[in-house]
Amino acid sequence: MSDSDIITGIAGGDKRTFEDLYWRHRRPFVSYLRHSQGVSTEDALDIYQDACAALHNNIVTGRLTPESLEGATLKTYLFAVGTKILFNRRRKKQTDILFDTEAALKTGETLADDDPDHQERLAVIRMCVRQMKSPCKELLSLRLWTGLSSAEIAARMNYSSDRSAITQVSKCRQKLITYVKSQLKGYDNR
Amino acid sequence: MTIDEENLEEVIDAAVRENAAKEHLRSVERRRKIRFGVIPLVAAAAVASVFLVMDYRIAERGYDAASFVMRGTAYLDRAGYRGVEQASEALLSAAEQIYRGECSAAEESLDEAWTLTETEISNLGNSDSDIMRRMELESLLEDVKWYKAINYLKSKRPRKARPILQEFADSGSVYAGGAAGLIEEIWSSSYRPL
């Protein structure tokens, strides 16, 4: 399966293709971080999962397309994203590392993403997402990750109608946004 | 991408997607761990069951062989060994108990015969007569040992019998041939009764 097929598959919501991509580069990635950066296997795996999740998000939002790869491979992209995540984690711990800027730029991110303040704000948002409780956690995942329609969500969550599903998803999303804003406000007022 | 009021919702959606994607990958890892954990477990269970079946067959063969060996017990010479009548009597009792399948009682009788004989040997000196006597009593110990092995087989504990039989088979004892025959009959997979 070519990189182009993989991107098309993931963009179309095919989870199997995403898993195939995950297994294809898992071992080389973990080995690379272990041997070249001295990262433990557990941490390398965690970073790889973050990189895959970021890659998935970039594909479904249309930021990463076969064309935007510009001749690079998904493996290179994945490794660059992973290295960047490692860099940000280490910077958070105020540890100096060698960083491949050129590879990072290929990921399509801007330098603003490396801004410590930006990273801190992102961390706050991610923490808010992780703190989400049921059923909002399931509802937003079904909508944004699984990509189910309102009718499918209603059937899965035993709601009486599509309308109820839409209302519930909307309520949960608004609740999360309000919570994130309050947390970011707290962060800004520090 | 910077985070501001305009794109906050987009960033939150991305965070939800990334969080769900990571949870999905973790579950994929867990499934793999379970799958790879189950395979060796099944293999180990299969190997263990093969060994259990083999052990069961060996124990059954040992029991049959011991019963065959003990067929002549009723005709045992009750005269016994001179001077150690009590030990001889214990040995004969043990043989009869093995024949009847009273293995625990036989074990006690054999222990008694062994202790009595060893005590008698420890009291012997270095005179010619004592040396001759020691040789005689050592052959009694050999008898006790042989019956111990047979008792283990009869009580379906072939693992305990094996080293004793092997020791006999490797020695110049009168039981060497019998022990080698039993080992072949019980443990050799190619053995076919006549």
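**Two all-helical chains and how their helices cross**

Helix 3 of chain A and helix 1 of chain B lie oblique to each other. That is my starting point today. One caution before the details: this is a predicted model.

So what are the numbers for this pair? Helix 3 of chain A covers residues 41-60, and helix 1 of chain B covers residues 8-69. Their axes are 8 Å apart, and the packing angle is about 130°. Oblique covers angles from 115 to 145 degrees, and therefore these two helices are oblique. The crossing of helix 3 of chain A and helix 1 of chain B is right-handed.

Which residues make that contact? From helix 3 of chain A, we have Gln49(A), Asp50(A), Cys52(A), Ala53(A), Ala54(A), His56(A), Asn57(A) and Val60(A). From helix 1 of chain B, we have Ala14(B), Arg17(B), Glu18(B), Ala21(B), Lys22(B), Leu25(B) and Arg26(B). Look at the spacing of those numbers. An α-helix has 3.6 residues a turn, so residues three or four places apart point the same way. By class, this helix contact has seven nonpolar, three polar and five charged residues.

Now step back to the whole interface. How many residues of each chain take part? Chain B brings 19 residues into contact with 28 residues of chain A. On the chain B side, 11 of the residues are nonpolar, two are polar and six are charged.

Next, the chains one at a time. Chain A has nine helices and zero strands. From its N terminus, the order is α-α-α-α-α-α-α-α-α. Of its 190 residues, 31% are buried. Take the contacts in chain A between residues at least 6 apart in sequence: 59% of them join residues at least 24 apart.

One helix of chain A deserves a stop. Helix 9 runs over residues 162-188. How far apart are its ends? The end C-alpha atoms are 39 Å apart, and 27 residues at 1.5 Å a residue should span 39 Å, so the two agree. Which residues of helix 9 of chain A are buried? They are Ala165(A), Gln168(A), Val169(A), Cys172(A), Leu176(A) and Val180(A).

Over to chain B. This chain has six helices and zero strands. Along the sequence the pattern is α-α-α-α-α-α. Of its 194 residues, 30% are buried. Among its contacts between residues at least 6 apart in sequence, 55% join residues at least 24 apart.

Helix 4 of chain B spans residues 128-154, which is 27 residues. From first C-alpha to last, helix 4 reaches 39 Å, close to the 39 Å expected. Just past helix 4, Lys156(B) has a positive phi of about 60°.

Helix 4 of chain B also packs on helix 1 of chain B. Their axes come within 7 Å and cross at roughly 130°. These two helices are therefore oblique to each other. Left-handed or right-handed? Here helix 1 of chain B passes helix 4 of chain B in a left-handed crossing.

Who meets whom? Helix 1 of chain B offers Gly62(B), Tyr63(B), Ala65(B), Ala66(B), Ser67(B) and Val69(B). Helix 4 of chain B answers with Ile150(B), Leu153(B) and Lys154(B). By class, that contact has six nonpolar, two polar and one charged residues.

To close, back to helix 1 of chain B. Its residues Ala14(B) and Arg26(B) are among those touching helix 3 of chain A. Its residues Gly62(B) and Val69(B) are among those meeting helix 4 of chain B.

Definitions and conventions
Residues are numbered from 1 along each chain as its sequence is written. Chains are lettered from A and ligands numbered from 1 in the order in which they are written. This is a predicted model: local features need pLDDT of at least 70, side-chain atom pairs count only at pLDDT 80 or more; totals for chains, interfaces and linings use all residues. Helices (H or I, at least four residues) and strands (E, at least two) are DSSP runs, numbered from the N terminus. A residue is buried if 20 or more other C-beta atoms lie within 10 Å of its own, exposed if 12 or fewer, and partly exposed in between; C-beta atoms are placed from the backbone. Two residues are in contact if their C-beta atoms, placed from the backbone, lie within 7 Å. Axes are lines fitted to C-alpha atoms, for helices over the stretch in contact, and angles run from 0 to 180 degrees between N-to-C directions. Angles under 35 degrees count as roughly parallel, over 145 as roughly antiparallel, 65 to 115 as roughly perpendicular and the rest as oblique. A crossing is left-handed if the near helix is turned anticlockwise from the far one by less than a right angle, and right-handed if clockwise. Ala, Val, Leu, Ile, Met, Phe, Trp, Tyr, Cys and Pro count as nonpolar, Asp, Glu, Lys and Arg as charged, and the others, Gly among them, as polar. The expected span of a helix is 1.5 Å times one less than its number of residues.
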